[in-house]
Amino acid sequence: MDLEARSLQPGVKASLLAKLREYKADLNKLKKEFKRISSPNAHDELLESGIADMHSVSAEQRDRLSMSVERLNQSSERIKESRRTVLETEELGISILEDLHQQRQTLLHAHNKLYDVDSAIDKSKKVLTTMSRRITKNKWIVISIIVALVLAIILILYYKISHG
């Protein structure tokens, strides 16, 4: 509950954290009272004093005792509810952590694929650059051959005309 409260908006977070502290303090008080009352010595002392003072106990004291027992029962119920809430929160946290782990694995897998694609693109760029250079080189060779043939034809025509 503490983690959930801390992840909320600041306005809501402060009030929820204050309530959570109060609940924790109440829970600790109730635990101490429960331990004190449920200890074997305290129980025996209550029984012994109850038997000795049974005749002198007034109706007011009986009412206080019954109210105390009722508060103890209510406190026990609140502790049980708190434990259930803690267990539910823990299960939710585990579920969230599992989801986050799966998402992390997915992101890592996507990152690896992206790295592979980037590597393939780099290789493709190198191949295309090499091909472009070869095309340019071949164009220059063809242009050189054409110029050489044109010059040869002009020379042949010139010799034929001038000697002929």
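**A cavity between two helices**

In this predicted model, the largest cavity is lined by Leu 30, Glu 33, Phe 34, Leu 72, Ser 75, Ser 76 and Ile 79.

Trainee: Which elements give two or more residues to the lining of the largest cavity?

Mentor: The lining runs from Leu 30 through Phe 34 and from Leu 72 to Ile 79, among others. Helix 2 covers 10-38, and helix 4 covers residues 59-163. The elements giving two or more residues are helix 2 and helix 4.

Trainee: Which element gives the largest share of that lining?

Mentor: Leu 72, Ser 75, Ser 76 and Ile 79 are in the lining, and these four are also the buried residues of helix 4. The largest share, four residues, comes from helix 4.

Trainee: How do the lining residues divide into nonpolar, polar and charged?

Mentor: Glu 33 is in the lining and counts as charged. Ser 75 and Ser 76 are there too and count as polar. With Leu and Ile and Phe counted as nonpolar, the division is four nonpolar, two polar and one charged.

Trainee: What volume does the largest cavity have?

Mentor: The count takes cavities of 30 Å³ or more, and it comes to one. The volume of the largest cavity is about 30 Å³.

Trainee: Against which helix do the buried residues of helix 4 pack?

Mentor: The buried residues of helix 4 are Leu 72, Ser 75, Ser 76 and Ile 79. An α-helix has 3.6 residues a turn, so residues three or four places apart point the same way. The partner of these buried residues is helix 2.

Trainee: Which residues of helix 2 are buried?

Mentor: Helix 2 has 29 residues and reaches 41 Å, close to the 42 Å expected. Buried here means under 20% relative accessible area. The residues of helix 2 that meet this are Leu 17, Leu 20 and Leu 30.

Trainee: How far apart are the end C-alpha atoms of helix 4?

Mentor: Helix 4 has 105 residues, so at 1.5 Å a residue it should span 156 Å. The distance in the model agrees with that: 153 Å.

Trainee: What share of residues 140-161 is helix?

Mentor: UniProt, in an unreviewed entry, places a transmembrane region at residues 140-161. The end C-alpha atoms of this span lie 31 Å apart, and strand makes up 0%. The helix share is 100%.

Technical notes
Residues are numbered from 1 along each chain as its sequence is written. This is a predicted model: local features need pLDDT of at least 70, side-chain atom pairs count only at pLDDT 80 or more; totals for chains, interfaces and linings use all residues. Side-chain values use heavy atoms; hydrogens and water are left out. UniProt positions are given in the numbering used here, feature names are shortened, and annotations may be inferred rather than shown by experiment. The expected span of a helix is 1.5 Å times one less than its number of residues. Buried means under 20% relative accessible area, exposed over 50%, partly exposed in between (1.4 Å probe, protein chains only). Contact means heavy atoms within 4.5 Å. On a 1 Å grid over the protein atoms alone, a cavity is a set of points where a 1.4 Å probe fits but cannot get out, and a pocket is an open set with protein on both sides within 12 Å along at least five of seven lines; lining residues have an atom within 4 Å of a point. Grid points are joined across faces, edges and corners, and a volume is the space filled by probe spheres set on the points.
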